[in-house]
Amino acid sequence: MPKKGLLERLDTGVVIGDGGFVFALEKRGYVKAGPWTPEATVENPEAVRQLHRDFLRAGSDVMQTFTFYASDDKLENRGNKAQQKYTGAMINQRACEIAREVANEGDALVAGGISQTPTYLTGLGKEAVQKEFEKQLKVFVDNKVDFMITEYFEHVEEIVWSIESIQKMCPGMPICATMCIGPEGDMHGVSTGECAVRMAKAGADVIGINCHFDPDIVLAGLKLMKEALTKAGYKKHLMAQPLGFKTPDATKQGFIDLPEFPFGLEPRILTRWDCHKYARDAYELGVRFIGACCGFEPYHVRALSEELAKERGRLPAGSEKHGPWGDGLRQHTKPWVRARARREYWENLKPASGRPYAAGLSKPDEWGVTQGDDLLKQQAKLTSDEDLKKLWTRD
Ligand SMILES: [Zn+2]
């Protein structure tokens, strides 16, 4: 029997996305923090495949190809040699094969993925940017992915160009479009609501926000998008793919601006109970594509699936080893731990960080550097010591 398509699933129920690949695979030693590119699909396909399987077992309905930042210009930016070694086409091709293989082990769909490009930040214009997208899209068409996710854009202009490219290269394929912005709008000062309207106008079927902020902030942004879309007369599905980190102190650039990014974020990790709250809040707001981004591990996604088990009519396979709301603790040896086998305990817990000298919040960097600035331009060579010193002494 053929699988139900994305839009049909969204019309009749809720779709659970997968979690964050670059962050999870960086911690396991297969992705380099800095470039954040996905050459692991060629170098360590078994690691990518296992993470897909873990998310499938956690209840993910979508296997998103591990193709984040796999445009040729990003694969040869600032000393990255991935483009010379493998080519973007090869990395994208392997990603499609692995995602399809695991999707077919369950009822999941395969989503191709594209994201923001250094070519845009360099200011090289529409034609050059779309050329980068279209090279990637050819691989997704050849591999017949079920739908496309264009994600992680800080400028609405660039995501609109990406939507146009998808329409041109992949006619008839559903398009999900998500920007990495919060309620303050994009980096050119376009409001969050207006960003949603422009994505809808360009032809996206599912609209939303991914990465950069925690679930509460992403949902605050989505509320603005929902209001603006309704006002403009668009009826579109909404999509949330937030961080698995708490970011109440983040400003416009999100967690990238936090001093703990990317190697000291651990105290901010969501608990599984935070994920229950996120899933419920998103569902109540009317979001039907409920997914996740950096920091979300399989157990976080399982929590989303468990919270929405009634709505979905099933629990994920991974719940075999997880009693709801701590119920498995009935089997614990220690009586005070058995006493924690109840929902009220975990729902009301305020976990301590265990770091007596840590502040609750940080001060974001807020350099305010964005498109067109020399410091963001694509360059093939690695950042030199001299360049670094200039950054350290920057006012
Ligand atoms: Zn992310």
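Which residues does E154 touch, not counting residues up to four places away in sequence? In this predicted model, the contacts of E154 are Q116, M179, C180, I181, D186, M187, H212 and Q253. Let's start there and then move on to the cysteines and the salt bridges.

## A buried glutamate

E154 sits in the loop between β4 (147-153) and α10 (156-169). The residue is buried, yet E154 has no salt bridge. Which side chain of opposite charge is nearest to E154, and how far away is this side chain? The answer is K252, at 10 Å. A salt bridge needs a side-chain nitrogen of Lys or Arg within 4 Å of a carboxyl oxygen of Asp or Glu, and the 10 Å to K252 therefore does not qualify. E154 does have a polar partner, though: its side chain makes a polar contact of 3.3 Å with the side chain of Q116. Q116 is also listed among the residues that E154 touches.

## The annotated span

The UniProt record, an unreviewed entry, carries the annotation "domain: Hcy-binding" for residues 3-308. In the model, residues 3-308 are 47% helix and 12% strand. The C-alpha atoms at the two ends of the span lie 21 Å apart.

## Cysteines

How many disulfides does the structure hold? The count is zero. Three cysteines can still be described by their burial. C211 is buried because its relative accessibility is 3%, and C294 is buried as well, with a relative accessible area of 8%. C96 also counts as buried, at 3% relative accessibility.

C96 belongs to helix α7 (residues 88-103). Leaving aside residues up to four places away in sequence, C96 touches T65, V139, F140, N143 and V145. From C-alpha to C-alpha, C96 and Q64 are 8.7 Å apart in space, with their positions 32 residues apart in sequence.

## Salt bridges

A search of the whole structure gives 27 salt bridges. Here are some of them, with the distance between the closest N and O atoms.

| Salt bridge | Closest N and O atoms |
|---|---|
| R9 and D107 | 3.6 Å |
| R94 and E97 | 2.4 Å |
| D216 and K277 | 3.9 Å |

Take R9 and D107, which form a salt bridge with closest N and O atoms 3.6 Å apart. R9 lies in helix α1 (residues 6-12) and D107 in the loop between α7 and β3 (109-115), so this pair ties together parts that are 98 residues apart in sequence. R9 counts as buried, at 11% relative accessibility.

R94 and E97 give a local example, since both lie in helix α7, three residues apart, about one turn of the helix. Are R94 and E97 buried or exposed? R94 is partly exposed because its relative accessibility is 24%, and E97 is partly exposed at 34%.

The salt bridge between D216 and K277 has its closest N and O atoms 3.9 Å apart. This pair links distant parts of the chain, with D216 in helix α12 (residues 215-231) and K277 in helix α13 (residues 272-285), 61 residues apart. D216 counts as partly exposed at 48% relative accessibility, and K277 is partly exposed with a relative accessible area of 48%. Elsewhere, salt bridges that share partners join R49, R53, E101 and E105 into one network.

Terms used:
Residues are numbered from 1 along each chain as its sequence is written. This is a predicted model: local features need pLDDT of at least 70, side-chain atom pairs count only at pLDDT 80 or more; totals for chains, interfaces and linings use all residues. Side-chain values use heavy atoms; hydrogens and water are left out. Helices (H or I, at least four residues) and strands (E, at least two) are DSSP runs, numbered from the N terminus. Buried means under 20% relative accessible area, exposed over 50%, partly exposed in between (1.4 Å probe, protein chains only). Lys and Arg count as positive and Asp and Glu as negative; His and the chain ends are not counted. A polar contact is a pair of N or O atoms within 3.5 Å; within protein, one must be able to donate a hydrogen and the other to accept it, and residues adjacent in sequence count only if both atoms are side-chain atoms. Contact means heavy atoms within 4.5 Å. UniProt positions are given in the numbering used here, feature names are shortened, and annotations may be inferred rather than shown by experiment. A disulfide is a pair of cysteine sulfur atoms within 2.5 Å.
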